[in-house]
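Colleague: Let's go through this model together. I'll ask, you reason from the coordinates.

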Amino acid sequence: MHAIVCIKQVPDTTEVKIDPVRGTLIREGVPSILNPFDTYAIEEALRLKEQFGGKVTAISMGPPQAIEVLKEAVAMGCDEAILLSDRAFAGSDTWATAYTLSQAIRRLGPFDIIFCGRQAIDGDTGQVGPGIARQLKINQLTYVCKIQHIDFDKGEIRVERLLEEGREVVESRLPALLTVVKDINQPRYPTFKGIRRASRMEYPIWTAKDLEGANPAYFGLDGSPTRVVRVFTPPPRSGQTEIIQGETVQEQAAKLVEKLLAEKII
Amino acid sequence: MALLQINREECIGCEACVAACPFGALHMDEERKAVVDDKCTACGACVDVCPVGALSLPEVEAPAAGLEQYKGVWVWVEQLRGEAGSISWEMIGKGRELADQRKTTLTACVLGYHVEHIAHQAIAYGADRVILVDDPVLEHYRTEPYAAVLVDLIRQYKPEIFILGASTRGRDLAGAVATEIFTGLTADCTGLDIDPETGLLRQTRPAFGGNIMATIICPNHRPQMATVRHRVFEMPAPDHTRKGEIIRVNPHLDEEAIATKVVDFIREEGQVNLADARIIVSGGRGVGGPEGFEPIRRLAEVLGGAVGASRAAVDAGWIPYAHQVGQTGRTVRPDLYIACGISGAIQHLAGMQTSRVIVAINKDPEAPIFKIANYGIVGDLFQVLPALTEEFRKRLHK
């Protein structure tokens, strides 16, 4: 069994501050972390390896320092890790990112399953997973909260997908790409042995040249149909907070209900 | 027809491609040359292993036609068991505005089985034209056939703008279609408008956990595609006297060729769709345990709302993940959000801070949730909630 996990280094968006004058993101001092959804993707791949044998390859695209998230993946138990890093990839939108990752995946040799997190917490698009699946012409199963059944010999998979109305059970064929939600598992912590292994490992860095046969016109900004034209801070929530006072909770409740009925939202 | 090209002169009959094909689409003919059949998905696995380079695939094509050939605004109308999602009518309402600004037509794409009634609804809500693809293969939403149908339609009709709801289905589908077409896609928009100078669609969306907003355009590819969040745009009022054209398209789909099958749908009892909910009552660490959600459920029931939860409550195992609101759960935008025993961590705020009215109930007057709430009650939720439920019951069910 060969599972591939696509992971991303993201700024911890809960630590992001806004420059109040220029209205831009202050990135200095914001810690970079492994995208939280990707930890579930890694965990699920590792569980399959434990059950069926084989290997798990982690792959990421980003600046050289993104090696840190690959180290984390290896410390958790991934066998190999590859970084795609090149100035030529800079400015990639989701289309170009999916193209570049899929080109690299093709060069990793045969695979049975690809895992991605539901979305990355910086861009929040959730588009790269489906993009990779389409580039590789394999089945995509998004928002997966459980693998009910998997048989690599027969090429079968049955999963539950968490939709707005409930959980949809679908069967499909392998190889397939799964994007996973938090509900799927409880990710493990890196072990001491894993951390040691991760710190000693070599991390191949693939550049555009290594993706021989790929069309360079589809890398980076050239391969990105979208352009960001403006970035701004969202308007703050307007209005003050009104704290409802009262002698008794009944009085507070009555006052609050009165106000909410006046808002005409109920 | 398979996209794979095989140069018979160069093929040496080594069978490397046959072994590499994940789909069993290649075999050797009597002259020991590789031949491909319709199972080929053009995945390229064989191209990489052929030692003599006898196999090739056509390159992904950029739109060859001029951008000005692309006209009209399209909306995908999603449906579940023959019932259209309200998010689609919100899209039709916005699509109508965009079409009027661009002085063009609004087309609704209705895919499903026995869904003609939805085509008529789409016209009532504002579509000029409906492309109706009614086929048993399309009964349940599945990526492969839905994407295949829409890709074909886009190539044939060349719309300028294509918007979809940012539901799980919409995001699944839009990503597949935009990749195939090689066009830009902006996810989860909260604003769409037309640039008066360039005529381009300006797509505005939150990023970095809602810390910033970005406006994105797609200047050189068509259609300009976007998914839009639930409950951002007004639901238009239907006008059943409106007239429109319905174009029926036969998709020529083969169930046998589709790998994915929907085998079951599991609904949790009493679960209300958070994305569609107008009112959400949410519980956090302060509810103290699974039974602490009881007063929350009772209030939600009286209000006809849904039950939400913070990450703390979900991680403690008090309520299933499907209820989680916030960065690693769902993003919601109800008219009324009542946060009970939720301190208001930034990850939670990212998922609900665009709600119209926010009410916070918390023992701790310093809880950050009070900073973004419109109304707050400092107190014990186990006393406040029953009082509130009783008061609403009196006022609403007289």
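Modeller: Accessible areas here come from the Shrake-Rupley method with a 1.4 Å probe. Keep in mind that this is a predicted model.

Colleague: With that in hand, what share of the exposed area of chain B do carbon and sulfur atoms supply?

Modeller: Chain B exposes about 16400 Å². Its C-alpha trace spans about 85 × 50 × 40 Å along the principal axes. The share of the exposed area from carbon and sulfur is 48%.

Colleague: How much of chain B counts as buried?

Modeller: Chain B has 11 helices and 22 strands. Among contacts with a separation of 6 or more, residues 24 or more positions apart account for 61%. Of its 398 residues, the buried part is 59%.

Colleague: How far apart are the mean positions of the positive and negative charges of chain B?

Modeller: Chain B carries 40 positive and 51 negative charges. Their mean positions are separated by 8 Å.

Colleague: Turn to chain A. What should helix α1 of chain A span, and what is the distance between its end C-alpha atoms?

Modeller: The helix runs over residues 36–52, which makes 17 residues. At 1.5 Å a residue, it should span 24 Å. The model agrees, with the end C-alpha atoms apart by 25 Å.

Colleague: Which residue follows α1(A), with a positive phi?

Modeller: Within α1(A), the buried residues include A:F37, A:Y40, A:A41 and A:E44. An α-helix has 3.6 residues a turn, so residues three or four places apart point the same way. After α1(A) comes a residue with phi near 80°, and that is A:G53.

Colleague: And which residue takes a positive phi just after α4 of chain B?

Modeller: Helix α4 covers residues 116–125 of chain B. Its buried residues include B:I118, B:A119, B:A122 and B:I123. Just after α4(B), phi is about 140° at B:G126.

Colleague: Is B:T227 buried or exposed?

Modeller: B:T227 sits in strand β15, residues 224–228 of chain B. Its contacts beyond four places in sequence include B:L164, B:G170, B:A174 and B:L185. Buried means under 20% relative accessible area. B:T227 has 1%, so the verdict is buried.

Colleague: Which residue offers its backbone nitrogen to the side chain of B:T227 at 2.8 Å?

Modeller: Contacts of B:T227 include B:T186, B:A187, B:D188 and B:C189. The backbone nitrogen that lies 2.8 Å from a polar side-chain atom of B:T227 belongs to B:D188.

Colleague: Now B:T183. Which backbone oxygen lies 2.6 Å from a polar atom of its side chain?

Modeller: B:T183 is in the loop between α6 and β11 of chain B. It is buried, with a relative accessible area of 1%. Its side chain reaches the backbone nitrogen of B:R222 at 3.5 Å. The backbone oxygen at 2.6 Å is that of B:P223.

Colleague: Which residues of chain A does B:T183 contact?

Modeller: Within chain B, its contacts include B:A178, B:C218, B:H221 and B:M225. From chain A, the partners are A:W95 and A:P225.

Colleague: Last one. Is B:H397 buried or exposed?

Modeller: B:H397 lies in the segment after α11 of chain B. Leaving out residues up to four places away, B:H397 touches B:V302 and B:F392. Exposed means over 50% relative accessible area. B:H397 has 52%, so the verdict is exposed.

Colleague: How far is its C-alpha atom from that of B:C50?

Modeller: B:H397 and B:C50 are 347 residues apart along the chain. Their C-alpha atoms are separated by 74 Å.

Note on methods. Residues are numbered from 1 along each chain as its sequence is written. Chains are lettered from A and ligands numbered from 1 in the order in which they are written. This is a predicted model: local features need pLDDT of at least 70, side-chain atom pairs count only at pLDDT 80 or more; totals for chains, interfaces and linings use all residues. Side-chain values use heavy atoms; hydrogens and water are left out. Helices (H or I, at least four residues) and strands (E, at least two) are DSSP runs, numbered from the N terminus. Buried means under 20% relative accessible area, exposed over 50%, partly exposed in between (1.4 Å probe, protein chains only). Contact means heavy atoms within 4.5 Å. Lys and Arg count as positive and Asp and Glu as negative; His and the chain ends are not counted. The place of a charge is taken as NZ of Lys, CZ of Arg, CG of Asp or CD of Glu. The expected span of a helix is 1.5 Å times one less than its number of residues. A polar contact is a pair of N or O atoms within 3.5 Å; within protein, one must be able to donate a hydrogen and the other to accept it, and residues adjacent in sequence count only if both atoms are side-chain atoms.
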